Amino acid sequence: MARRHPHASFPDLKDTVTIAGGGLAGLSLASGLRLRGVPVTVHEAGSYPRHRVCGEFISGVSADSLDALGIRDVFHDARLLESVAWFSRGRKIHSDSLPEPAYGISRYRLDERLRDLALEHGAVVHEKSRLPREPVPGQVWATGRRPDPLFPKFRVWMGLKCHFQGLPLEADLEMHLGRDGYIGLARIEDGRVNVCGLFLKGHGGRLSKIELLLDYISRTGNEALVKRLRAAEPDLGSFLGVADFKLGERSASDDDLGLCEIGDADRMIPPFTGNGMSMAFQGAELALDPLERWSSGRISWDECRSALRSALDGKFHRRMQTASLIHPLLLRSAYRRLIESLGISGLLPFRPLLSLVR
Ligand SMILES: Cc1cc2nc3c(=O)[nH]c(=O)nc-3n(C[C@H](O)[C@H](O)[C@H](O)COP(=O)(O)OP(=O)(O)OC[C@H]3O[C@@H](n4cnc5c(N)ncnc54)[C@H](O)[C@@H]3O)c2cc1C
């Protein structure tokens, strides 16, 4: 289904940018390009509104970046999240305030608002339209998580999420560490809490949605959290799971078809950082200049791609490296015990570590 805002009009002087993927990266890029007068068409495989597997905790993106994309307004009523508490197997090991408030907003609301804004800015959005994965000049890939090329040889990731009502929290964001997985609890709109976990995939058997989530949490050793969730009210319609995706930077085993990629399609930071959504916005912002120059005929498509690739590498390499070093430590018992002791004795360098993954 094609949607076009009634006032949309494309000037003939510029070439159209086509965006595959109407998630955060694709839709924010569409709005940002329209602000610069670039004609844009978005193809989204799904439709709106819909839930997404995501912690729904947005941290590390500046107001300037949101303004460059023309999307700051979608956060006007988002929860401002200011405090964080870390737990390991039910025991609180660290609590802190965040250096800058984060946003708490459901993807159900956020993605639909971004779609509406892109339309308002004059983009054309085709829903239920999946583009084939092939390099086409003028086409940007913002298609999200990449499948893991090692699957099914090795154990891979499972992400599960569900909204809960009536779940009291000790901080705006609670992070629970455990064996082979971690879980984030973030306040979002309407008094709800988003519970989202990343787990090494095991055997779910035939468990129902919520029982599957609780089973995975229980296997991390977080029984106290399971008990709290059992006492709260899940919104079953918001339950969702995804599996078998690849975290981290591009490697030699990934295909390189010569696509122009942003967001998770380009690289996926481990979720404990709470920075993937900000990277989707920041990647879209970095794409504005090269795409505008390509669209107005000032550079070739190859020059556009390579300018974007070096901008993305420059911006994200350090935080990806740091996150990839820390991520395995959170999942292994020996290192987790070290993190627990550092946390309990007040020696966990939370803020310096946070700034390294921002
Ligand atoms: C368990 C988990 C927890 C997370 N928690 C957080 C968190 O708390 N904070 C945070 O900042 N980040 C978090 N993230 C990461 C965050 O969700 C992503 O970084 C972010 O969604 C990336 O945005 P994107 O636009 O690149 O991809 P997406 O938002 O995934 O959008 C991609 C879109 O492309 C569409 N699509 C796919 N293929 C095609 C095709 N061929 N043609 C057309 N459309 C297509 C899809 O339908 C989708 O709508 C988490 C991730 C996981 C797995």
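A backbone N or O atom of Leu-24 lies 3.0 Å from an oxygen atom of the ligand. This distance, like every other value in this report, comes from a predicted model.

## The ligand and its surroundings

Two further polar approaches to the ligand can be described. A backbone N or O atom of Met-277 is 2.7 Å from an oxygen atom of the ligand, and a polar side-chain atom of Arg-130 is 3.5 Å from a nitrogen atom of the ligand. The ligand taken alone exposes 1000 Å², and the protein buries 93% of that area.

There are 35 residues around the ligand, of which Glu-44, Arg-50, Gly-55, Phe-57 and Arg-107 come nearest. Helix H1 (24-35), strand S12 (193-200) and helix H6 (276-295) each supply at least two residues of this shell. The most is given by H6, with 3 residues.

Helix H6 also holds Ser-295. With a relative accessibility of 1%, Ser-295 counts as buried, because that value is under 20%. Leaving out residues up to four places away in sequence, Ser-295 touches Leu-13, Lys-14, Asp-15, Val-38 and Pro-39.

## Arg-50 and the loop between S3 and S4

Arg-50, one of the residues that come nearest to the ligand, lies in the loop between S3 and S4. Its relative accessibility is 15%, and Arg-50 therefore counts as buried. A polar contact of 2.8 Å joins the side chain of Arg-50 to that of Asp-111. In addition, a polar atom of the Arg-50 side chain lies 3.3 Å from the backbone oxygen of Ser-47. When neighbours within four places in sequence are set aside, Arg-50 is in contact with Gly-22, Glu-44, Arg-107, Tyr-108 and Asp-111. Among these contacts, Glu-44 and Arg-107 are also listed with the residues that come nearest to the ligand.

Pro-49 is placed in the loop between strand S3 (40-43) and strand S4 (57-58). The peptide bond from Tyr-48 to Pro-49 is cis, with omega near -10°.

## Backbone angles in other loops

Most residues other than glycine have a negative phi, and most peptide bonds are trans. Two residues other than glycine with positive phi are set out below.

| Residue | Phi | Location | Relative accessibility |
|---|---|---|---|
| Arg-89 | about 45° | loop between S5 and S6 | 41% |
| Asp-180 | near 55° | loop between S10 and S11 (181-187) | 29% |

Arg-89 counts as partly exposed at its 41%, and Asp-180 is likewise partly exposed at 29%. Arg-89 also has a distant partner in sequence: Ala-224 and Arg-89 are 135 residues apart along the chain and 8.0 Å apart in space, C-alpha to C-alpha.

## Helix H5

Ala-224 is placed in helix H5 (residues 223-230) and, at 45% relative accessibility, counts as partly exposed. In the same helix, Leu-225, Val-226 and Leu-229 are buried. Seen down the axis of H5, these buried residues fall within an arc of 105°, so they line one face of the helix. Lys-227 and Arg-230 are exposed on the other side of H5. The cover over the buried residues of H5 includes strand S9 (157-165), S10, S11, S12 and helix H4 (209-219). Strand S12 is also one of the elements that supply residues to the shell around the ligand.

## Helix H8

Helix H8 comprises 12 residues (333-344). At 1.5 Å a residue, it should span 16 Å, and its end C-alpha atoms are 16 Å apart, which agrees.

Which residues of H8 are buried? They are Arg-336, Ile-339, Glu-340 and Gly-343. These residues cover an arc of only 105° around the axis, which puts them on the same side of H8. The face turned away from this buried side carries the exposed residues Ala-334 and Leu-338. What covers the buried residues of H8 includes strand S5 (79-88), strand S6 (91-104), strand S10 (173-178) and helix H7 (301-331). Strand S10 is also among the elements that cover the buried residues of H5.

Just after H8, Gly-346 takes a positive phi of about 75°.

Definitions and conventions
Residues are numbered from 1 along each chain as its sequence is written. This is a predicted model: local features need pLDDT of at least 70, side-chain atom pairs count only at pLDDT 80 or more; totals for chains, interfaces and linings use all residues. Side-chain values use heavy atoms; hydrogens and water are left out. Helices (H or I, at least four residues) and strands (E, at least two) are DSSP runs, numbered from the N terminus. The expected span of a helix is 1.5 Å times one less than its number of residues. Buried means under 20% relative accessible area, exposed over 50%, partly exposed in between (1.4 Å probe, protein chains only). The arc is that of the directions from the helix axis to the C-beta atoms. Contact means heavy atoms within 4.5 Å. A residue is near a molecule or strand if one of its heavy atoms lies within 4 Å of it. A polar contact is a pair of N or O atoms within 3.5 Å; within protein, one must be able to donate a hydrogen and the other to accept it, and residues adjacent in sequence count only if both atoms are side-chain atoms. Accessible areas come from the Shrake-Rupley method with a 1.4 Å probe; for residues, only the protein chains shown count as cover.
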